[in-house]
Amino acid sequence: GFVDETDSLTNDGVWASKLRLDQPLLIAEAIRKGSFHGLFPELLAAAIAPFVWDRVQDIEMTVHQGLDLRGVQEVFGRVMNSISAMRSLKARRGFDSPPLVFWPAAALYLWAKGVSWEQLLSFVSVDEGDLASLIMRTADHLRQVASLKETHPELAETALLAIELILREPVYIV
């Protein structure tokens, strides 16, 4: 749906070609399929984060009682379902796709919801630098989504709000 039968960019192909981020085709497909539509900023940050983490590494998550991640799980599943055909097509054509795992979504959701840095580190068994990098790279990806204000104004506005939620100390010092 990004290219027509004459190999010309469609309207979706034009806006998608402007995305400068990791996994642009998969993120564009999720946008095109409406997977990010209507999300709160915290959930949009969560939905983008798995595309940022590109390492094959076992990360353990310990979620304390009282924290409800069902909404994040639902969004993660919705995004994965929306891009499954594109991931299969990429694989058949010989293109790699790094695994998309749940923990970055949960971590960014909790961070965006205001969990403290110390609490976040107690939930996720990852180095502080790696976690800070995940947050900063997610913000960069959200900036790219925010650049789609002409074609996807509501999504762009939500992306800007999500950036405000995740760029805070100690990751980002004003």
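**Entry 1: Glu29**

I started with Glu29, which I found in helix α2, residues 24-32. I'm working with a predicted model, so I keep that in mind for every entry. Is Glu29 buried or exposed? Its relative accessibility is 4%, and the cut-off for buried is under 20%, so Glu29 counts as buried. Next I looked at what its side chain does. It makes a polar contact with the side chain of Arg32, at 2.9 Å. I also listed what Glu29 touches, skipping residues up to four places away in sequence: Phe2, Ser82, Ile83 and Met86.

**Entry 2: Ser35**

Ser82 was on that list for Glu29, and I met Ser82 again when I looked up Ser35. Ser35 sits in the loop between α2 and α3, with α3 covering 41-52. I got a relative accessible area of 1% for Ser35, so this loop residue is buried. Which side chain does the side chain of Ser35 make a polar contact with? I found that the partner is the side chain of Ser82, at 2.7 Å. Leaving out residues up to four places away in sequence, I noted that Ser35 touches Ala30, Arg78, Val79 and Ser82.

**Entry 3: Leu120**

Then I moved along to helix α6, residues 117-123, where Leu120 has its place. Its relative accessible area came out at 0%, so I wrote Leu120 down as buried. What does Leu120 touch, not counting residues up to four places away in sequence? I got Ala107, Leu110, Trp111, Val115, Leu131 and Ile135. I also checked Leu120 against Thr62, which is 58 residues apart from it along the chain. Their C-alpha atoms are separated by 9.7 Å.

**Entry 4: α7 and α8**

Ile135 from the Leu120 list is also one of the α7 residues that meet α8, and I looked at that helix pair last. My reminder to self: two packed helices are described by the angle between their axes and the distance between the axes. Here α7 is residues 128-146 and α8 is residues 153-166. I found that their axes come within 8 Å and cross at roughly 160°. That angle is over 145 degrees, so α7 is roughly antiparallel to α8. I noted the crossing as left-handed.

Which residues meet? On the α7 side I have Ile135, Thr138, Ala139, Leu142, Arg143, Val145 and Ala146. On the α8 side they meet Leu155, Ala156, Ala159, Leu160, Ala162, Ile163 and Ile166. Sorted by class, this contact has twelve nonpolar residues, one polar and one charged.

Key
Residues numbered from 1 in each chain as written. Predicted model: local features only at pLDDT ≥ 70, side-chain atom pairs only at ≥ 80, totals over all residues. Heavy atoms only, no water. Helix = DSSP H or I, 4+ residues; strand = E, 2+ residues; numbered from the N terminus. Buried < 20%, exposed > 50% of the residue type's maximum accessible area, 1.4 Å probe, protein only. Polar contact = N/O pair within 3.5 Å; in protein donor to acceptor, adjacent residues only side chain to side chain. Contact = heavy atoms within 4.5 Å. Axes fitted to C-alpha atoms, helices over the stretch in contact; angles between N-to-C directions. Parallel < 35°, antiparallel > 145°, perpendicular 65-115°, else oblique. Left-handed = near helix turned anticlockwise from the far one by under 90°. Nonpolar A, V, L, I, M, F, W, Y, C, P; charged D, E, K, R; others polar.
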